Amino acid sequence: MIPAAQIDQGIIKAKELLKTAVFTPEACKVVADSSAQVPDGSTYAAGTSVSATDKTTTVITVIALKDAKAMADQLKASEATAAQCRTFTVEAAGQKITTETTPIDAATNGDESFAALTKQSLGTGQAQSALTVTGIKGNMAVTAVKTGPGVTEYASAELTQLLNAVLANG
């Protein structure tokens with residue numbers, strides 16, 4: 001489990017980095033910015049698991065929403081932006097990162113669902129992939145993210161199962 005204070009520190013650092021980052025096209029900054037947002041008045045927690053075998057990290061975040069509509073609207077905005085920003089670049093902290101995002105069909109047991117596979121490449125040739133699956137049910141939003149060099153859309157079944165278990169017990 002990751003303490004809320006540590007999550008808050010990560011959100012603050014992400015927002016600080018986004019202030020100086022240059023996005024091309026600029027409209028795609030919304031993609032990264034939406035990941036650093038937790039709706040006001042929400043309660044949240046996160047947990048992480050690392051697999052040395054397949055060199056991946058899985059993070060699950062659960063948010064109890066004060067305003068479920070705000071999160072559903074944010075999810076729909078993320079979907080629309082992901083469709084428009086399938087490929088973009090970010091220059092931050094001296095690094096240039098090319099990002100390619102592909103929406104994935106991964107329905108959850110939530111009222112709303114969204115999934116996408118993101119592949120990031122550094123100018124040095126290093127690559128990283130992240131599969132994100134989000135589900136909203138009532139006033140609870142759950143996001144599962146699996147990152148690693150070999151992560152593909154096929155991990156969506158694993159993440160959807162994990163996410164559905166949390167939604168069922170929320």
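How many disulfides does a search of the whole structure find? The search finds one. The views below come from a predicted model. They begin with the chain as a whole and then move to single sites.

**Figure 1. Overview of the protein chain, with four helices and eight strands.** Along the sequence, the elements follow the order α-β-α-β-β-α-β-β-β-β-β-α. The chain has 170 residues, and 35% of them are buried. Its accessible surface comes to about 9500 Å². Carbon and sulfur atoms account for 53% of that surface. Contacts were also sorted by sequence separation. Among those between residues at least 6 apart in sequence, 52% join residues at least 24 apart.

**Figure 2. Close-up of the disulfide between Cys28 and Cys85.** The two sulfur atoms lie 2.1 Å apart. The torsion about the S-S bond is about -95°, so the disulfide is left-handed. Cys28 sits in the loop between strand 1 (22–24) and helix 2 (29–35). Cys85 sits in the loop between helix 3 (68–84) and strand 4 (87–92). The pair therefore ties together parts that are 57 residues apart in sequence. Both Cys28 and Cys85 are buried.

**Figure 3. Close-up of the salt-bridge network of Asp54, Lys146 and Glu158.** The structure holds two salt bridges. One joins the side chains of Lys146 and Asp54, at 3.8 Å from N to O. This pair links distant parts of the chain, 92 residues apart. Lys146 belongs to strand 8 (residues 140–148), and Asp54 to the loop between strand 2 (43–51) and strand 3 (56–64). Lys146 also forms a salt bridge with Glu158, where the closest N and O atoms are 2.8 Å apart. Here Lys146 in strand 8 meets Glu158 in helix 4 (residues 156–169), so the pair ties together parts that are 12 residues apart in sequence. The side chains of Lys146 and Glu158 are also joined by a polar contact of 2.8 Å.

**Figure 4. Burial and surroundings of Lys146 in strand 8.** Is Lys146 buried or exposed? Lys146 counts as buried because its relative accessibility is 8%, under the 20% cut-off. Its two salt-bridge partners fall in another class. Asp54 is partly exposed, with a relative accessible area of 37%. Glu158 is partly exposed too, at 38% relative accessibility. Which residues does Lys146 touch, leaving aside those up to four places away in sequence? Among them are Asp54, Thr56, Thr57 and Thr58. The list also includes Ser129, Ala130 and Leu131. Val151, Ala155, Glu158 and Leu159 are touched as well.

**Figure 5. Close-up of Thr48 in strand 2.** Thr48 is partly exposed, with a relative accessible area of 43%. A polar atom of the Thr48 side chain lies 3.3 Å from the backbone oxygen of Thr58. Thr58 is also one of the residues that Lys146 touches. How far apart in space are Thr48 and Lys146, C-alpha to C-alpha? The distance is 9.7 Å, for residues 98 apart in sequence.

**Figure 6. Close-up of the largest nonpolar core, with 15 residues.** In soluble globular proteins, nonpolar side chains tend to be buried together. Which members of this core touch the most other members? They are Ile104, Leu131, Val133, Val142 and Leu163. Leu131 is also among the residues touched by Lys146. Four elements give two or more residues each to the core: strand 6 (112–122), strand 7 (127–137), strand 8 and helix 4. A separate core holds nine residues, including Ile63, Leu65, Ala82 and Ile136.

**Figure 7. Contacts of Val142, a member of the largest nonpolar core.** Residues up to four places away in sequence are not counted here. Val142 touches Ile60, Thr61 and Val62. Val142 also touches Val133, Thr134 and Gly135. Further contacts of Val142 are Leu163, Val166 and Leu167. Two of these partners, Val133 and Leu163, are listed with Val142 among the core members that touch the most others.

Definitions and conventions: Residues are numbered from 1 along each chain as its sequence is written. This is a predicted model: local features need pLDDT of at least 70, side-chain atom pairs count only at pLDDT 80 or more; totals for chains, interfaces and linings use all residues. Side-chain values use heavy atoms; hydrogens and water are left out. A salt bridge is a side-chain nitrogen of Lys or Arg within 4 Å of a carboxyl oxygen of Asp or Glu. Buried means under 20% relative accessible area, exposed over 50%, partly exposed in between (1.4 Å probe, protein chains only). A nonpolar core is a set of buried Ala, Val, Leu, Ile, Met, Phe, Trp, Tyr and Cys residues joined through side-chain atoms within 4.5 Å. Contact means heavy atoms within 4.5 Å. Accessible areas come from the Shrake-Rupley method with a 1.4 Å probe; for residues, only the protein chains shown count as cover. A disulfide is a pair of cysteine sulfur atoms within 2.5 Å. A polar contact is a pair of N or O atoms within 3.5 Å; within protein, one must be able to donate a hydrogen and the other to accept it, and residues adjacent in sequence count only if both atoms are side-chain atoms.
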